[in-house]
Amino acid sequence: MTKASLQEVDASEAGFRGTRIMGASLFGVDLRGADLTDGVLFQNTFKVIVDDRTVVRGLTGTVFGPITVFSGTSSRDLADAELGEWVAERGGRVQVIPRAR
């Protein structure tokens, strides 16, 4: 997916295994339960929704945040180092490009 622009798309439980997502803008995209195993990111703006079922094992590359993480009935926004840590805890290795202050 190169330079894709998606807004408010329901991609929950979608299979993105090995997908290269390059220069894309994903705003409000629901990736809860989606499989991003071994995907490659390159400078994407990810304002997506994920949950504990979203698979990011082997996910690499660079990304802008934030993302919204749902856990049960609560949610929180993650960006910068916290977003990178969330991905790393699940087996991915992404570099989060810091937000401009």
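**Salt bridges and a buried threonine**

Trainee: Let's start with D30: is it buried or exposed?
Mentor: Happy to, and keep in mind that this is a predicted model. The relative accessible area of D30 is 13%. Buried means under 20%, so D30, at 13%, counts as buried.

Trainee: Which residue meets the side chain of D30 in a salt bridge?
Mentor: Look for a side-chain nitrogen of Lys or Arg within 4 Å of a carboxyl oxygen. One such N to O distance from D30 is 2.8 Å. The partner is partly exposed, with a relative accessible area of 26%. The residue that meets D30 is R32.

Trainee: Over which ring does the charged end of R32 sit?
Mentor: R32 also shares a salt bridge with D30. Its charged end lies 4.8 Å from the centre of a ring, and the cut-off for that distance is 6 Å. The ring belongs to F70.

Trainee: How many aromatic pairs does the structure hold?
Mentor: Ring centres would have to lie within 6.5 Å to count as a pair. For this structure, the number of aromatic pairs is zero.

Trainee: How many salt bridges does a search of the whole structure find?
Mentor: Among them is E89 with R90, whose closest N and O atoms are 3.3 Å apart. E89 is exposed at 62% relative accessibility, while R90 is partly exposed at 27%. Searching the whole structure gives a total of five.

Trainee: How many residues apart are E13 and R53, which form a salt bridge?
Mentor: Their closest N and O atoms are 3.1 Å apart. The pair links distant parts of the chain, with E13 in the loop between β1 and β2, and R53 in the loop between β4 and β5. E13 is exposed at 57% relative accessibility, and R53 is partly exposed at 46%. Along the chain, their separation is 40 residues.

Trainee: Which residue is linked with E13 and R53 in a network of salt bridges?
Mentor: We already have the bridge between E13 and R53. The network of salt bridges joins these two with D51.

Trainee: Which backbone oxygen does the side chain of T54 reach?
Mentor: T54 lies in the loop between β4 and β5 and is buried at 4% relative accessibility. Its side chain reaches the backbone nitrogen of D51 at 3.1 Å. Leaving out residues up to four places away in sequence, T54 touches several others, including R32, G33 and A34. The backbone oxygen, reached at 2.9 Å, is that of L31.

Technical notes. Residues are numbered from 1 along each chain as its sequence is written. This is a predicted model: local features need pLDDT of at least 70, side-chain atom pairs count only at pLDDT 80 or more; totals for chains, interfaces and linings use all residues. Side-chain values use heavy atoms; hydrogens and water are left out. Rings of Phe, Tyr and Trp (its six-membered ring) pair if their centres lie within 6.5 Å; planes under 30 degrees apart count as stacked, over 60 as edge-to-face and the rest as tilted. A charge sits over a ring if NZ of Lys or CZ of Arg is within 6 Å of the ring centre and within 35 degrees of the ring normal. Helices (H or I, at least four residues) and strands (E, at least two) are DSSP runs, numbered from the N terminus. Buried means under 20% relative accessible area, exposed over 50%, partly exposed in between (1.4 Å probe, protein chains only). A polar contact is a pair of N or O atoms within 3.5 Å; within protein, one must be able to donate a hydrogen and the other to accept it, and residues adjacent in sequence count only if both atoms are side-chain atoms. Contact means heavy atoms within 4.5 Å.
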